[in-house]
Amino acid sequence: MRLGILGLSVVFGLSVSACSGGSGTSSLPNGPHGAAPNSGSPNVTMKLVIANTSTAASAKRPNFVSPSTNGVKVVSYAHSDTNHTTPLGTTVTDVSGGSSACVTALGNRSCTVPITAPAGSDDFVFTLYDTAPSGGSIPSSAHALGTAGVTQTITANTTNSVNAGIGGVIAGLSGQAASVNVISQATNFGLTITPTDFGNQQIVAGTTNSPFANPITVALTESGGSGHASLQLNGGTSASSVIVQKATDTVQVVYDGLAVPGYSIGVSLSTSATNGISGATENATITPVLFVTNPTTFYTISSGTLNTYPEGQHVLLISEPSGTPTFTATPSGCTGILRKGTIIPTIGSPTKATLLVVGGTTISASGCSLAISDGTLTYTVAVTNALRTDSATHTITEYATTATEPWGIATGADGNLWFSEDYTGSPAISTITPNGTGYTRHTMPAASPSWESPFGVILGGDGNIWVGDDNSVNVGKVTTGATISTYQAGHVFTNFLAPGLDGLTWFSECSTDALSSVTTSGTITQVTPPGGGNIQGVALGPDGNIWFTDIATRHIGTVISGVPSEFSASTFTNQPSTAEDIVAGSDGSLWVAEGNLIAQVSTSGTIMNQFSGAGAIGQGNFITAGPDGALWFTDTSNNAIGRITTSGAITEYPLPTGNALPNGITVGPDGNLWFTEGAVHNIGVLKL
């Protein structure tokens with residue numbers, strides 16, 4: 001059995017081929033039906049041609065008999081003998097090479113087969129075997145290669161033609177099982193079956209399109225999901241099982257493209273035992289190659305489309321069932337619309353990888369696509385980059401938890417909200433579901449030195465959650481299954497983090513002038529910006545480089561190809577006493593929360609504007625880019641969530657609970673703004 005894809009949504013059929021029998025011309029002497037043959041001579045003869053399939057001409061013969069045929073058995077019955085209980089005559093003939101019944105020319109054997117049958121309406125049953133008869137009978141060890149049954153009226157004293165369509169007895173389907181990967185989108189694809197007889201000769205189609213002696217049952221099963229795939233016979237009704245009767249039958253698998261990682265399709269082929277043949281079975285496993293972004297309402301891969309927003313950061317999860325694929329991702333027409341990172345193979349799972357993609361600053365509904373390949377199959381994703389409409393009327397909902405001092409927050413690849421619990425007595429990384437329920441606490445593992453105050457949280461380019469510690473040297477990697485790995489940096493206060501397009505996770509060590517990167521396996525590399533004193537906020541910039549703030553010098557800096565630099569032109573007015581977070585905005589600038597100001601900085605390192613909203617901002621803390629194109633921040637002094645447009649218009653939305661101490665903020669899996677409330681242990685959401 002072979003499976004494959006000619007192209008998306010292109011159907012190619014299951015081609016199965018049966019033998020079409022050789023025709024014979026017979027001469028019949030006088031004699032009534034049922035009477036003994038005249039003078040003991042045969043009443044009918046059949047000419048059987050056994051073609052040599054090694055020659056091109058014979059391979060194209062419309063009336064095909066297996067080249068492995070060495071014996072023929074013919075039994076005749078009166079047509080009125082419905083159950084074929086009383087044979088009128090049985091003959092067996094040696095048609096092997098060198099037999100006196102055959103003449104060989106050009107490698108083809110032309111054999112005369114006698115048939116005993118009186119005049120009248122007769123049923124003839126032909127069976128071809130791979131073994132010549134011995135002692136006047138077919139040996140019990142012989143294997144049937146083909147069978148035929150035909151009803152013919154035999155007329156005395158005339159020439160009679162007896163035409164029989166030989167149905168091949170299937171002993172094999174292709175000789176090997178199949179395993180195939182298909183694109184994870186709505187696709188129809190066909191099965192190609194190559195049935196063979198016991199002589200390992202392929203059963204090819206003949207002009208009579210005779211049914212198989214033992215039809216092929218094709219059955220489909222699903223694992224890791226249901227209702228995503230079905231079979232169709234000859235384009236008919238979908239079913240989980242179909243029966244292939246003839247060479248012209250076609251079977252296709254219909255897949256809806258909506259499966260999740262771990263899903264696979266099983267296809268089994270089987271034929272029953274016939275004429276001493278034990279039948280044949282074969283199985284195939286079809287597994288979709290899955291390309292999935294972290295699941296959200298606003299941005300998700302659906303029907304081959306990735307919907308993002310300017311500076312929206314998403315992780316594509318790529319999953320393949322087996323082998324050692326080499327994944328590549330090639331954008332087309334995506335300048336200004338989409339930036340892609342380095343594909344990161346998943347440690348311990350060579351068939352899985354992740355890819356960080358970021359929405360550019362150019363709004364576009366079409367024209368950009370991302371082709372992801374495993375070296376054999378290519379999955380083309382259409383990319384849109386659009387702003388979400390801001391309702392201007394915002395509802396804030398707070399969800400009470402037992403979390404202790406929640407701080408940083410991010411949307412995980414599993415579609416849940418992940419947040420840190422900055423509590424020295426029992427530090428943790430926790431989750432809450434998008435409906436505000438399902439709070440689960442995961443205590444940080446024992447380490448030396450120990451975890452003290454988990455702080456910044458981000459979704460890394462490797463699909464894992466990464467967390468820093470505001471009071472130790474620890475950096476943590478957390479899988480969606482909550483397996484936590486701890487790595488030690490060179491200095492304490494590893495609090496702010498950002499994913500890089502280079503596949504690294506970058507973080508600040510704000511007790512010094514250090515900035516470091518960590519691989520998904522935990523290798524840490526430290527760089528030292530020139531003139532730096534206290535590195536704080538870290539972000540992936542709109543130019544694809546890592547950007548950071550230095551609150552000791554009040555400068556902004558960047559890391560290009562691993563080399564850090566700072567811009568003296570970016571001297572901020574304020575030196576905040578709390579976090580000085582930084583993020584890329586939809587306008588292609590960097591935006592910095594610096595106390596009671598929000599600064600707009602160009603990628604050349606120049607401070608373009610510092611907005612205060614006429615004193616509207618109390619103490620800007622964390623900041624993020626929203627899907628509406630604005631920047632959203634937490635204001636601890638005003639106990640509010642703030643919004644600033646790229647033109648500097650500021651609006652603040654007070655929290656329902658007083659003195660809540662809003663901290664981290666992120667775009668949630670529902671496209672709304674989610675944040676933590678450190679003083680009252682709540683997780684909040686502001687709906688756009």
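## Around Asp249

Let's start with a polar contact: the side chains of Asp249 and Asn234 meet at 3.2 Å. This is a predicted model, so read every distance here as a property of that prediction. Asp249 has another polar neighbour, since a polar atom of its side chain sits 2.7 Å from the backbone nitrogen of Gln245.

Where does Asp249 sit along the chain? Its place is the loop between strand E16 (241-244) and strand E17 (251-255). With a relative accessible area of 10%, Asp249 is buried, because the cut-off for that label is under 20%.

## Aromatic pairs

On to the rings. How many aromatic pairs does the structure hold? The count is 12. One of them joins Phe455 and Phe496, and it is edge-to-face because the planes stand at 75°, with the ring centres 5.5 Å apart. This pair ties together distant parts of the chain, 41 residues apart: Phe455 belongs to strand E34 (residues 454-459), while Phe496 is in the loop between strand E37 (484-488) and strand E38 (497-499). Both partners are buried, Phe455 at 6% relative accessibility and Phe496 at 4%.

Now for a stacked example: Trp547 and Phe567 have 5.7 Å from centre to centre and 15° between their planes. Here, too, distant parts of the chain are linked, with Trp547 in strand E43 (residues 546-550) and Phe567 in strand E45 (residues 563-567), 20 residues apart. Are these two buried or partly exposed? Trp547 is buried, with a relative accessible area of 0%, whereas Phe567 is partly exposed at 22%.

Back to Phe455 and Phe496 for a moment: ring pairs connect them with Trp407 and Phe622 in a cluster.

## The largest cavity

Next, the empty space. The structure holds three cavities of 30 Å³ or more, and the largest cavity has about 630 Å³ of space. Its lining is made up of 36 residues. Which of them come closest to the centre? Those are Gln313, Val457, Ile458, Thr624 and Thr666.

Plenty of strands feed into this lining. Those that give at least two residues each include E34 and E38, the strand E34 being the one that holds Phe455. Strand E22 (313-319), strand E30 (406-411), strand E42 (535-540), strand E46 (582-584), strand E50 (620-625) and strand E54 (662-667) do so too. As for chemistry, the lining of the largest cavity has 24 nonpolar residues, 10 polar ones and two charged ones.

Key:
Residues numbered from 1 in each chain as written. Predicted model: local features only at pLDDT ≥ 70, side-chain atom pairs only at ≥ 80, totals over all residues. Heavy atoms only, no water. Phe/Tyr/Trp six-rings, centres within 6.5 Å; stacked < 30°, edge-to-face > 60°. Helix = DSSP H or I, 4+ residues; strand = E, 2+ residues; numbered from the N terminus. Buried < 20%, exposed > 50% of the residue type's maximum accessible area, 1.4 Å probe, protein only. Polar contact = N/O pair within 3.5 Å; in protein donor to acceptor, adjacent residues only side chain to side chain. 1 Å grid on protein atoms, 1.4 Å probe; cavity = no way out; pocket = protein on both sides within 12 Å on 5 of 7 lines; lining within 4 Å. Points joined across faces, edges and corners; volume = space filled by probe spheres on them. Nonpolar A, V, L, I, M, F, W, Y, C, P; charged D, E, K, R; others polar.
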